[in-house]
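Please look over the sequence and the model below before reading on. The paragraphs that follow begin where the two chains meet and then turn to the strands of one chain.

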Protein chains: 2
Amino acid sequence: MTKENISAYFQQLQDAICQAVATADGQQSFHEDLWQHHSGGGGRSRVLQNGRVIEKGGVNFSAVQGQTSDALMKQMNLTERADYFATGVSIVMHPQSPMVPIIHMNVRYFEMSNGKFWFGGGIDLTPHYVVEEDARWFHQQLKTACDRHDTAYYPKFKTWADDYFYIPHRQETRGIGGIFFDYLSATTLPEKEQLFAFVQSVGESFAPIYTHFMLKNSELPFDDSHKDWQLVRRGRYAEFNLAWDRGTKFGLETGGRTESILMSLPPLARWEYNYQPTHDSLEAQTLGLLKKGIDWLR
Amino acid sequence: MTKENISAYFQQLQDAICQAVATADGQQSFHEDLWQHHSGGGGRSRVLQNGRVIEKGGVNFSAVQGQTSDALMKQMNLTERADYFATGVSIVMHPQSPMVPIIHMNVRYFEMSNGKFWFGGGIDLTPHYVVEEDARWFHQQLKTACDRHDTAYYPKFKTWADDYFYIPHRQETRGIGGIFFDYLSATTLPEKEQLFAFVQSVGESFAPIYTHFMLKNSELPFDDSHKDWQLVRRGRYAEFNLAWDRGTKFGLETGGRTESILMSLPPLARWEYNYQPTHDSLEAQTLGLLKKGIDWLR
């Protein structure tokens, strides 16, 4: 299993996800931009805008290489300077309807010329309105994907997601979490193949999960007050991505392709000073559920 | 001249600026929130929303104290742990009209229990559309305020602003710059008084400068395409503040009052994937002027 195999798989995954999302959207398709990385390799960014269900969604593939910079070594806690190769698929979807959740998915593989390698990734869901039944279904899908490989994965990676997708200055989680994992490495080829199989399961869980919400929730009624709240929640999403997300920060600081990195930002977002939802409203109930450590499967 | 004198002056400055801006707005006044800092002191945040000219503007005063944390020592390049006192006024104004520029001003004073102290601050302007005559007038006001104290100030602090108010991942300045200064310290009382007098001149230049633009530009006609561009420029403003501004970062990481810090974020902002203004449009001309090192006074 070479880095080329893994990269080729990620390209196929991008194709399959774009096709599934565009079909569920039914109105717009993805626009593709090819780009080159300054130190080698490049990417294939795909964005769908102004669809029936998706207002702005990106499904990006990249496979880049270069020499580890100081910034990269610091970010990755590396001690040896070597050539690196990094490939992955990154997704963020901002739907039109406040009743459809925002979703994020990433799967990635990193390899050094000294032979070290690791997988990372995750999926997390940010409903504008948290519906416990939807949250349970979402976490159940992730648990099922994890359990096929190792029953220790879901509890461990669910906790990791709670810690990662957290907005400290708001003392809020970004959404209802999901799974997050990084630095998954192995010492034998069979172990490496198992890790890759797990990452494939995560990647392949995306389309069934998100098209489920696209189809189920996009026809639900909503009014201006729901749209307003969606803009506020998108503001929080932008706060997390710009101020706290290590992946975004790393990309912007190391000269990644800005438009591909910032496709994650919402099409429109709102910041009102000291916005407080009405006591006991659906909005206040959602805020009450944006906490670490909730067991959605209980 | 004690820290109490300086802090009292900053409170009066806040009062005077709020009065001038509310008068020029003519429709809304400032809403005040008083808050306490976890380790001592507190602040007086004032926000005006949905005015005739100002869509969202904050004029915040604070005077806080505590023991220097590790984060503070790192941010300030301090080597000795001591008690600190920090006071200042921070302003950001987002106007309704895309023809009125966004403005930011900050004046601050920092003092350590070991006797070290310094002043910092700055003013910078972010027109949605750069008009060279307005830019020249703005920089001339700042130069005049600086020259009254030291003719070396304007060139030095103008360059510092170009470097500080810069969005590396866009290779754009935030706007047309202005002045930025920090760590202005002194060894004698007369020198300290001169620095304070300079900071007062900067603070007192704000109201005449901004009410000039409020009154002159708020009646200019604009259409939906100008509003759209305003939302895009506001997105860039949010990118700078959340991803790069050291003051914002420091405040969020050290447990400052989130709503006061993030009053700087725009009321509404837009991110379209790979947005490109039409060749030779006013929007493209503005982008061409968002560069470091432009001598607006030439």
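How many residues does the contact take from chain A, and how many from chain B? In this predicted model, the contact draws 26 residues from chain A and 26 residues from chain B. On the side of chain A that touches chain B, the elements that give two or more residues are strand 2 (41–49), strand 3 (54–67), helix 6 (224–244), helix 8 (258–261) and strand 10 (268–270) of chain A. Helix 6 of chain A gives the most to this side, with four residues. Sorted by class, the side of chain A that touches chain B holds 14 nonpolar, five polar and seven charged residues.

Strand pairing also crosses from one chain to the other. Strands of a sheet pair through backbone hydrogen bonds, either parallel or antiparallel. Here strand 10 of chain A is joined by three bridges to strand 10 (residues 268–270) of chain B, and the two strands run antiparallel. To find this pairing in the model, one can begin at A:Leu268, whose bridge partner in strand 10 of chain B is B:Arg270.

Within chain B, an open sheet of seven strands has the order 1-2-3-4-5-6-9, with antiparallel pairing. Its edge strands are strand 1 and strand 9 (178–184) of chain B, each of which pairs on one side only, and the twist averages 10 degrees from one strand to the next.

The sheet can be followed from the edge at strand 1 of chain B. Strand 1 (residues 31–36) is joined to strand 2 (residues 41–49) of chain B by six bridges, and these strands run antiparallel. Two positions help to place the register: B:Glu32 stands opposite B:Arg46 in strand 2 of chain B, while B:Trp35 stands opposite B:Gly43 in that strand. The two strands form a hairpin with four residues between them, and in the turn B:Gly40 has a positive phi of about 130 degrees.

Strand 2 of chain B pairs in turn with strand 3 (residues 54–67) of chain B, in the antiparallel sense and over nine bridges; B:Gly42, for instance, has B:Ala63 in strand 3 of chain B as its bridge partner. Strand 2 and strand 3 of chain B likewise form a hairpin with four residues between them, where B:Asn50 in the turn has a positive phi of about 55 degrees.

Towards the other edge, a helix joins the picture. Helix 4 (residues 153–164) of chain B lies across strand 6 (117–126) and strand 9 of chain B, and runs at about 100 degrees to strand 9 of chain B.

Notes. Residues numbered from 1 in each chain as written. Chains lettered and ligands numbered in written order. Predicted model: local features only at pLDDT ≥ 70, side-chain atom pairs only at ≥ 80, totals over all residues. Contact = placed C-beta atoms within 7 Å. Nonpolar A, V, L, I, M, F, W, Y, C, P; charged D, E, K, R; others polar. Pairing = 2+ DSSP bridges. Axes fitted to C-alpha atoms, helices over the stretch in contact; angles between N-to-C directions.
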